[in-house]
Amino acid sequence: MSYLASSREMGIHSQCVLDFLDKFQVTSAKLVRDTDATEEAIAVKTLVFSTSCLERPNVVVITPACKCVDVASLRSLVNCSHVSLASTAAAEVLTGFNIGCIAPFAHPCALPTYVADDILRYDRVICGIGETGYHLCISSQDLISCSAATVAPLLSLGGKSRFSDD
């Protein structure tokens with residue numbers, strides 16, 4: 001399957017995610033515009049966290065867009081004493097994508113990736129594709145497989161957003 005024709009029709013210039021999907025023969029993927037409300041899927045966000053661990057200084061967390069990451073759970077999972085949301089500049093350099101449209105995979109270098117287990121409640125997710133105004137609708141299983149992610153309970157039960165130990 002090739003996403004090249006449909007991506008050109010939609011005006012997408014960032015080919016790395018599409019090439020990645022072709023390479024791994026992902027058949028569940030569909031390109032969508034922000035204005036497409038026809039897909040029944042949950043929106044997810046891709047976040048980059050910095051840690052105090054030398055062997056794992058940065059990690060990616062994929063979570064439902066409307067949920068908060070429980071930093072204590074993440075800290076315990078990665079076995080580091082300190083975890084905080086990476087700076088915008090660091091996240092963009094590490095992933096190769098701009099904030100707001102970071103794809104969950106196809107980064108320039110492999111980053112340890114964790115997916116909030118809540119995502120498994122949904123058949124399909126909508127994630128960033130590296131271009132503002134466009135997203136990728138993909139099965140939750142393909143998202144986990146393509147991102148080589150570890151599934152873990154990472155969501156905050158409280159309503160307060162926590163992105164740092166500070």
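## Strand β2 and its partners

Let's start with a hairpin: β2 and β3 form one, with six residues between them. The model is a predicted one, and β2 makes a handy starting point for a walk through it. Strand β2 covers residues 42-51, while β3 covers residues 58-64. The two run antiparallel and are joined by seven bridges; Lys45, for instance, has Thr63 in β3 as its bridge partner.

Strand β2 also pairs with β4 (residues 83-85), again in the antiparallel sense, here over three bridges. Phe49 stands opposite Leu85 of β4. With β6 (residues 124-128), the pairing of β2 is parallel and rests on two bridges, and Ile42 has Val125 as its bridge partner in β6. As for exposure, β2 is mostly covered, with seven of its ten residues buried.

## Two nonpolar cores

The largest nonpolar core has 26 residues. Those with the most contacts inside this core are Val44, Ile62, Phe105, Ile119, Val125, Ile138 and Leu143. Two or more residues come from each of β2, β3, α4 (88-95), β6, β7 (134-139) and α5. Apart from this core lies another, of 16 residues, which includes Val61, Val69, Ala152 and Leu154.

Ile62 is worth a visit in your viewer. Leaving aside neighbours within four places in sequence, Ile62 is in contact with Val44, Lys45 and Thr46, as well as Pro104. Its contacts also take in Thr113, Tyr114, Val115, Ala116 and Ile119, along with Leu143 and Ser147.

## Ser140 in helix α5

Ser140 belongs to helix α5, which spans residues 140-146. Ser140 counts as buried because its relative accessibility is 4%, below the 20% cut-off. Not counting residues up to four places away in sequence, Ser140 touches Ile119, Tyr122, Asp123, Arg124 and Val125. Two of these names are familiar: Ile119 and Val125 are among the residues with the most contacts inside the largest nonpolar core.

## The salt bridge

Side chains of opposite charge can pair when their charged atoms come close. How many salt bridges does a search of the whole structure find? The search finds one, and the partners are Asp118 and Arg121, with their closest N and O atoms 2.7 Å apart.

Are these two partners buried or exposed? Asp118 has 11% relative accessibility and so counts as buried, whereas Arg121, at 59%, counts as exposed. The salt bridge therefore links a buried residue to an exposed one.

Key: Residues numbered from 1 in each chain as written. Predicted model: local features only at pLDDT ≥ 70, side-chain atom pairs only at ≥ 80, totals over all residues. Heavy atoms only, no water. Salt bridge = Lys/Arg side-chain N within 4 Å of Asp/Glu carboxyl O. Buried < 20%, exposed > 50% of the residue type's maximum accessible area, 1.4 Å probe, protein only. Helix = DSSP H or I, 4+ residues; strand = E, 2+ residues; numbered from the N terminus. Pairing = 2+ DSSP bridges. Contact = heavy atoms within 4.5 Å. Core = buried A, V, L, I, M, F, W, Y, C linked by side-chain atoms within 4.5 Å.
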